[in-house]
Amino acid sequence: MADDSPIYGPFFGVMGASSAMIFSALGAAYGTAKSGTGIAAMSVMRPELIMKCIIPVVMAGIIAIYGLVVAVLIAGQLDPPPTYTLYKGFMHLGAGLAVGFSGLAAGFAIGIVGDAGVRGTAQQPRLFVGMILILIFAEVLGLYGLIVAIYLYAK
């Protein structure tokens, strides 16, 4: 066995795939729960706004898709040690952590903005466009992680 293909090399690839899915799903779950709480509170007084204000929940769900894509890509390249190098394992770990942690951060941002935004929209409907713009900037944080992860994956 070569020095650049130790027996524990695939461990890092598996941890990269796991990290991508776990952390991005945590971010999506937090964003969904926090935004959903705001929607539930808002819908008591303004039930006609429920479908309009569901956008933060949808955006939070997209964060989990970013992690799923990277996890599936990494899992598809996992091989036994002679062909799976330590370099590839570290690159896959980095890719998984990049999309996972950026998804976690984006999910937190979407949840907090979504909660406050839908509650505020119930009181002042003109706030809706501003909420959407802020949510887009929060969502793009997860997209940046996906771009870096795909770049690392392709190395």
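User: What percentage of the 155 residues in the protein is buried?
Analyst: This is a predicted model, in which local features need pLDDT of at least 70, side-chain atom pairs count only at pLDDT 80 or more, and totals for chains, interfaces and linings use all residues. Residues are numbered from 1 along each chain as its sequence is written, and side-chain values use heavy atoms, with hydrogens and water left out. A residue is buried under 20% relative accessible area, exposed over 50% and partly exposed in between, for a 1.4 Å probe and protein chains only. By this criterion, the buried part of the 155 residues comes to 43%.

User: How many helices and strands does the secondary structure of the protein have?
Analyst: Helices (H or I, at least four residues) and strands (E, at least two) are DSSP runs, numbered from the N terminus. Read along the sequence, the elements follow the pattern α-α-α-α, and the secondary structure comes to 4 helices and 0 strands.

User: What radius of gyration does the protein have?
Analyst: Taken along the principal axes, the C-alpha atoms fill a box of roughly 65 × 20 × 15 Å. The radius of gyration is taken over C-alpha atoms, and the rule for a globule is 2.2 Å times the number of residues to the power 0.38. A compact globule of 155 residues would come near 15 Å, whereas the protein has 19 Å.

User: Which residue ranges does the UniProt annotation "transmembrane region" cover?
Analyst: UniProt positions are given in the numbering used here, feature names are shortened, and annotations may be inferred rather than shown by experiment. In the model, residues 54-78 are 92% helix and 0% strand, with end C-alpha atoms 38 Å apart, while residues 127-154 are 100% helix and 0% strand. According to the unreviewed entry, the annotation covers residues 12-33, 54-78, 90-115 and 127-154.

User: How far does helix α4 reach from its first C-alpha to its last?
Analyst: Helix α4 spans residues 127-154, which is 28 residues. The expected span is 1.5 Å times one less than the number of residues, and for α4 this gives 40 Å, to which the value in the model is close, at 41 Å.

User: Which helices do the buried residues of α4 pack against?
Analyst: The buried residues of α4 include Phe 128, Met 131, Leu 135, Gly 142, Leu 146 and Ala 149. An α-helix has 3.6 residues a turn, so residues three or four places apart point the same way. Contact here means heavy atoms within 4.5 Å, and the buried residues of α4 pack against α2 (55-77) and α3 (86-123).

User: Which residues have the most contacts inside the largest nonpolar core?
Analyst: A nonpolar core is a set of buried Ala, Val, Leu, Ile, Met, Phe, Trp, Tyr and Cys residues joined through side-chain atoms within 4.5 Å. The largest one has 29 residues, and α1 (9-45), α2, α3 and α4 each supply at least two of them. One of its well-connected members, Val 99, touches Ala 20, Tyr 66, Val 70 and Leu 146, among others beyond four places in sequence. The residues with the most contacts inside this core are Val 70, Val 99 and Ile 110.

User: Which backbone oxygen does the side chain of Thr 121 reach?
Analyst: Thr 121 is found in helix α3 and counts as buried because its relative accessibility is 0%. Leaving aside neighbours within four places in sequence, Thr 121 is in contact with Leu 49, Cys 53, Leu 127, Phe 128 and Met 131. A polar contact is a pair of N or O atoms within 3.5 Å; within protein, one must be able to donate a hydrogen and the other to accept it, and residues adjacent in sequence count only if both atoms are side-chain atoms. At 2.7 Å, the side chain of Thr 121 reaches the backbone oxygen of Gly 117.

User: Which residues does Met 59 touch, not counting those up to four places away in sequence?
Analyst: Met 59 has its place in helix α2 and is buried, because its relative accessible area is 12%. Beyond those sequence neighbours, Met 59 touches Ile 110, Leu 135, Ile 136 and Glu 139.

User: Is Met 51 buried or exposed?
Analyst: Met 51 lies in the loop between α1 and α2, and its C-alpha atom is separated by 19 Å from that of Ala 28, 23 residues apart along the chain. Because its relative accessible area is 65%, Met 51 is exposed.
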